[in-house]
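Visitor: I have a structure open here and would like to go through its sheets, empty spaces and confidence. Could you take me through them?

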Amino acid sequence: MKNLLKTAVVGLALLSSGAVFASNMGFKLVKPVSAAAVGKTGSNWVSIPYFNNFTIASTVFADIPSCLQVSHYRTATDTYEDFTNSFGDPDFTVAKGEALLVKVSATGNWTIVGSHDNSFGVPLAVAPVGKTGSNWISLPYHTNKATVSTLFAEIPSALQVSHYLTASDTYEDFTNSFGDPAFAITIGEGLLVKVSATSSSWVPAHY
């Protein structure tokens, strides 16, 4: 949870292990984003606060140092929608609770500012016929989950929770099966969630 700064209405507080804060506090996260290594895509999946200053993809693109691409994943069609600041790119709407894929030309830090919506239910869609059912979600920056196994147990009808390893261009999947890696939850990292039933009632727990 290092590099996470939580800003209250008055004063500043550093978030540390075991710390408890009011849920109406704001966030300022210094998020590392990595450029592509040789032969890799350089895909960084990033969680965005539910209340933020971003409205469309171009506003995110302009905020990220050395940005090459901002994308989101459309669960219904199993396709990416990419914004590269080129003519004709779809300037898609930044949806609350949705993680974004970011690519940069130089490794560095992206400072993300926002706050949380305590009443928002994260939409999770079951896989349509012939589709993977991949939901890329943003977790609250003040999540109370340290490992993926505890998060899996909270998500309604969860089948899988995964994260993307930028350095190796691979997924690490947790399906609650024996031998699955119970990877650590990293603040600011977007997660892939698959479920067996569609819902919009999951309100992620937090401190």
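**Sheets, spaces and confidence**

Guide: To begin with the sheets of this predicted model, one open sheet has 4 strands in the order β11-β14-β12-β13, paired in the antiparallel sense.

Visitor: Which strands are at the edges there?

Guide: The edge strands are β11 and β13, the latter covering residues 170-174, and each of them pairs on one side only. On average, neighbouring strands of this sheet are turned by 30° against each other, with direction ignored.

Visitor: How many bridges join β11 to β14?

Guide: There are 3 bridges between β11 and β14, which spans residues 191-195, and the two run antiparallel. One residue to look at is N135, whose bridge partner in β14 is V193.

Visitor: What is the strand order in the sheet that contains β4?

Guide: That open sheet of 4 strands follows the order β4-β8-β6-β7, with antiparallel pairing. Its edges are β4 (44-46) and β7 (79-83); each has a single partner strand, so one side of each is left without a neighbour in the sheet. Neighbouring strands in this sheet are turned by 30° against each other on average, direction ignored.

Visitor: And how many bridges are there between β6 and β7?

Guide: Strand β6, residues 67-74, pairs with β7 over 5 bridges in the antiparallel sense. Within that pairing, S71 has D82 of β7 as its bridge partner.

Visitor: What sits between those two strands, β6 and β7?

Guide: The hairpin of β6 and β7 has 4 residues between the strands. D78 lies in this loop and has a positive phi of about 55°, although D78 is not a glycine.

Visitor: Where is D169 found?

Guide: D169 is in the loop between β12 (158-165) and β13. Its phi is also worth a look: D169 is not a glycine, yet its phi is positive, at about 60°.

Visitor: Let us change topic to empty space. What is the volume of the second largest pocket?

Guide: The second largest pocket has a volume of about 200 Å³. It is lined by 15 residues, and those closest to its centre are T75, E98, P123, N135 and W136. Two elements, β10 (122-124) and β11 (135-137), give two or more residues to this lining.

Visitor: How does that pocket lining divide by class?

Guide: The lining of the second largest pocket has 8 nonpolar, 5 polar and 2 charged residues. N135 therefore appears in two places in our discussion: among the residues closest to the centre of this pocket, and as the bridge partner of V193.

Visitor: How many cavities of 30 Å³ or more are there?

Guide: A search of the whole structure finds 1 cavity of 30 Å³ or more. The largest cavity holds about 40 Å³ of space.

Visitor: Which residues line the largest cavity?

Guide: The lining consists of S47, L139, P140, Y141, T143, I185, T186, I187, G188 and E189. By class, that is 5 nonpolar, 4 polar and 1 charged residues.

Visitor: Finally, what is the mean pLDDT of the chain?

Guide: The mean pLDDT of the chain is 90, and 88% of the residues reach 70 or more.

Visitor: Where does pLDDT stay under 50?

Guide: That is the case over residues 1-23, for which the model has 42 contacts beyond four places in sequence. Where pLDDT is low, the predicted coordinates should not be read in detail.

Definitions and conventions. Residues numbered from 1 in each chain as written. Predicted model: local features only at pLDDT ≥ 70, side-chain atom pairs only at ≥ 80, totals over all residues. Heavy atoms only, no water. 1 Å grid on protein atoms, 1.4 Å probe; cavity = no way out; pocket = protein on both sides within 12 Å on 5 of 7 lines; lining within 4 Å. Points joined across faces, edges and corners; volume = space filled by probe spheres on them. Nonpolar A, V, L, I, M, F, W, Y, C, P; charged D, E, K, R; others polar. Pairing = 2+ DSSP bridges. Axes fitted to C-alpha atoms, helices over the stretch in contact; angles between N-to-C directions. pLDDT = per-residue confidence, 0-100. Contact = heavy atoms within 4.5 Å.
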